[in-house]
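Let's take a friendly walk through this structure together. Keep the viewer open as you read.

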Amino acid sequence: MITPYSNIISVTTLEALLLDTYSGAAAAYSLRKLSATYTGSAIRVRRESDNTEQDIGFVDNELDTSALTTFCSGTNGFVMTWYDQSGNGYDASQTTATSQPQIVSSGSVLLENGKAAINFLNSKEFRITVANSFFGLNDISAFLVTRTISNDTGGLSQKRDALLAGNFGIGVNAGKYQFQTRNGAISSTVDSTNAYSTQQIVNVIRNSSGLYMNSPETKFTSSAVADLTSSGTWQFGNGSSYGIFNGNIQEKIIYLSDQTSNQSAIQSNINSYYGVY
Amino acid sequence: MASTKGYKYTTETEAIAARQTAADYMGLPVPGGETLYWVNYNYSDLDGFYYIQYVDGLEAALGEPSDITITPHEEI
C-alpha cells in the first residue's frame, strides 16, 4: 500500500556567501554579509541628533536595519566606518562629520532597489589606509554595486600620487563609468560608451593583457602593466582627480588577483541579492 | 575656476586650528565616539592656500564665510 504524502516539502536554494565561494578578496565592503567566518559589524553609524555612534551588524546575512532605525529614530544617520569583511582590516572610515556619507534620513533607511544603500551626495568620502605598494603591479579585480545620481564626474575609488603617477582610478566621467591605470607613459583608460543613472554592477579587471570593464557594457583596452605604487590616500566615494561622486554605493569588493574566470559567477552572486538586472 | 563659500588660510597650522575650533564648538568627539571633527580643511595646490568649505551653522564657530575661488584640476 502506498501512503500519499500529505505535506509538500519546499526546498529553497540559498546563494552562498560570496567570499565563501570566491575567496581571497583584498578588501570587501558590503551591506550584506559576505563571509560566514566574518564576525564583525557591517558599519559604524553616527546619529546626527547627539553625535553618538554605534556599530550595526547583520541579521540573516543582511544589514540589521531594525537596529539601525532604532538607533537613528527620528534623525539622520551617517556612516563613520564601513568595515572590511575580507579579514585584512582595511576598514574604510571618515572621522569628519560633514564628510561622512549618509544611510538614514529622518529615521528612514536609505534604499536603492529595496536594499540599504550608502549615499555619497555632497562631498562625502571614506579613506582607507593601505601600503603604497597595495595595487603596485598586481592584477586587480573590482566589483561595485552603485548608482550615479547625476550624469556628472566623480571618483568611486581612487589612489594616486600627484601628476597622475601611480594612479588607480574607478570613477564616473560625465555619467560614463571609467577605469584608469596610469603611471607616466604607461597610461590606459577604458570608458563605458553610455552614461548610466540606474543601479549597476560595475566590474573592472586589470591583468597582463590590459584593462577590462563591464558596467554593463563589456569593454577592453590593451595595455602594458602600469606600476600603481603611490603614496596617495586610497579614497572611496571621491577621487583626487575625479572629485566628488554623487550617488549610492552598496558593495565594493577588491581582489588583487585576476578574477576573469570567476567574473560571471561573482556578478551572478551579486545580482542574486541586489536584483540589478 | 570654482567659487565657493568658506574660510581661507595661508598656513596649514591656521587651518588645523580652525578645524579644532569648529570641533570644540560642536562638542566632538563625544565620549566613546570616533568622529573627531565637524569639518575638515583642504589644500588647493593650484592656488597655494588651505580652506574650509562652509556648511550650515559653521558661522557660529568660525564667523561669517567669504567667497573663495578654487582652481580645479583639468585632467582626470
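In this predicted model, helix α3(A) is followed by Gly275(A), a residue whose phi is positive, near 60°. The helix itself covers residues 263-274 of chain A, and its length can be checked with simple arithmetic: at 1.5 Å a residue, its 12 residues should span 16 Å, and the end C-alpha atoms are indeed 16 Å apart, so the two values agree. Which residues of α3(A) are buried? They are Gln263(A), Ile266(A), Gln267(A), Asn269(A), Ile270(A), Asn271(A), Tyr273(A) and Tyr274(A). When you look at that list, it helps to recall that an α-helix has 3.6 residues a turn, so residues three or four places apart point the same way.

Gly275(A) has a positive phi, and positive values also turn up in residues other than glycine. One of them is Asn61(A), with phi near 65°. You will find Asn61(A) in the loop between β4 (58-59) and β5 (62-63) of chain A. Its relative accessible area is 36%, so Asn61(A) is partly exposed. Another is Asn113(A), where phi is near 55°. This asparagine sits in the loop between β10 (111-112) and β11 (115-116) of chain A, and its relative accessibility of 45% is why Asn113(A) counts as partly exposed.

While we are on the backbone, have a look at the cis peptide bonds. In chain A, such a bond joins Ser215(A) and Pro216(A), with omega about 0°. Pro216(A) belongs to the loop between β20 (210-214) and β21 (218-222) of that chain. In chain B, the peptide bond from Leu28(B) to Pro29(B) is cis, with omega near 0°. Pro29(B) is placed in the loop between α1 (12-26) and β2 (42-44) of chain B.

Next, turn to Ser35(A), which lies in the loop between β1 (27-30) and β2 (43-47) of chain A. Is this serine buried or exposed? Its relative accessibility is 7%, under the 20% limit, so Ser35(A) counts as buried. Leaving aside neighbours within four places in sequence, Ser35(A) is in contact with Leu17(A), Leu19(A), Asp20(A) and Gln85(A). With Asp20(A) there is also a polar contact between the two side chains, at 3.4 Å.

Now for the charged pairs. Side chains of opposite charge can pair when their charged atoms come close. Over all chains, the count comes to 8 salt bridges. One of them joins Arg127(A) to Glu125(A), with the closest N and O atoms 2.9 Å apart. The accessibility of the two partners is worth a look: Arg127(A), at 38%, counts as partly exposed, whereas Glu125(A), at 8%, counts as buried.

Arg44(A) deserves a longer stop. It forms a salt bridge with Glu53(A), the closest N and O atoms being 2.9 Å apart, and both of these residues are buried. For Arg44(A), the relative accessibility is 10%, which is why it counts as buried. Arg44(A) also forms a salt bridge with Asp55(A), at 3.3 Å between the closest N and O atoms. That pair links distant parts of the chain, with Arg44(A) in strand β2 and Asp55(A) in strand β3 (residues 53-56) of chain A, 11 residues apart. Asp55(A) has a relative accessibility of 34%, so it counts as partly exposed.

Which residues are linked with Arg44(A) in a network of salt bridges? They are Glu53(A), Asp55(A) and Glu34(B). The last of these takes us to the other chain: Arg44(A) forms a salt bridge with Glu34(B), with the closest N and O atoms 3.7 Å apart. On the side of chain A that touches chain B, β2, β6 (77-82) and β17 (176-183) of chain A each supply at least two residues. It is β17(A) that gives the most, with 3 residues. By type, the residues of this side divide into 4 nonpolar, 12 polar and 5 charged.

To finish, consider the interface as a whole. Here 21 residues of chain A are in contact with 15 residues of chain B. The size of an interface is often given as the accessible area lost when the parts come together. Chain A and chain B bury about 1,400 Å² between them, with 51% of it on carbon and sulfur atoms. Across this interface there is 1 salt bridge, along with 8 residue pairs in polar contact, both residues at pLDDT 80 or more.

Definitions and conventions. Residues are numbered from 1 along each chain as its sequence is written. Chains are lettered from A and ligands numbered from 1 in the order in which they are written. This is a predicted model: local features need pLDDT of at least 70, side-chain atom pairs count only at pLDDT 80 or more; totals for chains, interfaces and linings use all residues. Side-chain values use heavy atoms; hydrogens and water are left out. Helices (H or I, at least four residues) and strands (E, at least two) are DSSP runs, numbered from the N terminus. Buried means under 20% relative accessible area, exposed over 50%, partly exposed in between (1.4 Å probe, protein chains only). A polar contact is a pair of N or O atoms within 3.5 Å; within protein, one must be able to donate a hydrogen and the other to accept it, and residues adjacent in sequence count only if both atoms are side-chain atoms. Contact means heavy atoms within 4.5 Å. Buried area is the accessible area (1.4 Å probe) that two parts lose on being put together, summed over both. A salt bridge is a side-chain nitrogen of Lys or Arg within 4 Å of a carboxyl oxygen of Asp or Glu. Ala, Val, Leu, Ile, Met, Phe, Trp, Tyr, Cys and Pro count as nonpolar, Asp, Glu, Lys and Arg as charged, and the others, Gly among them, as polar. The expected span of a helix is 1.5 Å times one less than its number of residues.
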